Amino acid sequence: MSGELQDALAHDILGNGLAVAGDDVAYTLTVTNAGGATALGMVVATPLDRYLTLDVGSVSTTAGIVAAGNAAGDGVPSVQVASLAPGASFIIRFTASVGALPAGLRILSSQATITGANLSPTVSDDPDTPEPLDPTTTPVGAAQVQAIPTLGSWGLGALVLLLGAACMLRLRGRPGGGAVGAGSGAGAA
Ligand SMILES: [Ca+2]
Ligand SMILES: [Ca+2]
């Protein structure tokens with residue numbers, strides 16, 4: 001039995017594939033019976049990263065039934081499949097929303113478990129990495145960590161120059177402004 005858990009950003013606020021609070025991660029889990037016998041009584045559950053909240057009602061499957069994930073209060077999507085023939089596969093899909101992320105967090109990580117009446121329990125693989133049977137990771141946006149840009153010494157110098165230039169323009173503009181005022185006064189008279 002094998003499971004591939006693929007992630008994608010369904011709602012990518014930064015537009016760069018990095019997850020930030022308010023994004024939606026769309027998961028696609030493909031389960032394939034790689035063994036030679038029909039698998040029976042399968043249960044496929046996907047506990048989510050602690051900073052992800054399942055979008056209740058978003059769980060779908062091409063085989064079996066959604067046992068959890070589409071009712072209020074459900075947190076872990078779970079699908080039950082009564083039997084799966086050798087070589088056969090099915091696909092489970094669901095989405096989860098990204099909550100407030102602590103500074104320094106690098107990845108979100110989720111992994112499915114696959115159990116059955118006549119098979120050894122296994123876990124899903126992240127197809128994006130060469131490591132087998134590893135949790136599926138989604139990189140987190142750096143914008144969360146560097147939300148407030150600081151004014152460096154270069155920026156401070158530029159600011160001083162700008163202020164200086166603004167003062168010069170004001171001083172230069174003063175006599176001209178007076179002339180315009182006098183001119184319009186003369187024109188009215
Ligand atoms: Ca992998
Ligand atoms: Ca990934």
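This short presentation describes the fold, the core and a few individual residues of one protein chain.

The model is predicted, so to speak of method first: local features need pLDDT of at least 70, side-chain atom pairs count only at pLDDT 80 or more, and totals for chains, interfaces and linings use all residues. Residues are numbered from 1 along each chain as its sequence is written, and chains are lettered from A and ligands numbered from 1 in the order in which they are written.

Let me begin with confidence. pLDDT is the predictor's confidence in each residue, from 0 to 100. Its mean over the protein chain is 88, and 85% of the residues reach 70 or more. Over residues 181-189 pLDDT stays under 50, and there the model has 0 contacts beyond four places in sequence; a contact requires C-beta atoms, placed from the backbone, to lie within 7 Å.

I turn to the architecture. The chain has 1 helix and 12 strands, these being DSSP runs numbered from the N terminus, with at least four residues (H or I) for a helix and at least two (E) for a strand. Along the sequence the pattern reads β-β-β-β-β-β-β-β-β-β-β-β-α. Of the contacts between residues at least 6 apart in sequence, 70% join residues at least 24 apart.

Strands are taken to pair if DSSP finds at least two bridges between them. An open sheet of 5 strands has the order E6-E7-E3-E10-E11, with antiparallel pairing. Strand E6 (65-68) and strand E11 (119-123) are at its edges; each has a single partner strand, so one side of each lacks a neighbour in the sheet. From one strand to the next, the twist averages 20°, where axes are lines fitted to C-alpha atoms, for helices over the stretch in contact, and angles run from 0 to 180 degrees between N-to-C directions. E6 and E7 are antiparallel and joined by 3 bridges, and Ile65 has Gln80 in E7 as its bridge partner.

Outside that order, strand E9 (residues 107-110) runs antiparallel to E12, with 4 bridges joining them. Ser109 stands opposite Thr137 in E12. In a regular strand the side chains alternate between the two faces of the sheet. In strand E12 (residues 136-139), Thr136 and Thr138 lie on the covered face, and Thr137 and Pro139 on the uncovered one.

Next, the interior. Buried residues, with 20 or more other C-beta atoms within 10 Å of their own (12 or fewer is exposed, in between is partly exposed; C-beta atoms are placed from the backbone), make up 22% of the 189 residues. The largest nonpolar core, a set of buried Ala, Val, Leu, Ile, Met, Phe, Trp, Tyr and Cys residues joined through C-beta atoms within 7 Å, has 24 residues, and those with the most contacts inside it include Val44 and Phe94. Strands supplying at least two residues each include E1 (2-11), E2 (24-32) and E8 (89-98). Beyond four places in sequence, Val44 touches, among others, Leu29, Val79, Ile92 and Ile114.

Finally, Leu133 lies in the loop between E11 and E12. Leu133 is exposed, because 12 other C-beta atoms lie within 10 Å. Its phi is near 55°, a positive value in a residue other than glycine. Beyond its neighbours within four places, Leu133 contacts Val123 and Asp125. Leu133 and Glu4, 129 residues apart in sequence, are 8.6 Å apart in space, C-alpha to C-alpha.

Technical notes:
Two residues are in contact if their C-beta atoms, placed from the backbone, lie within 7 Å.
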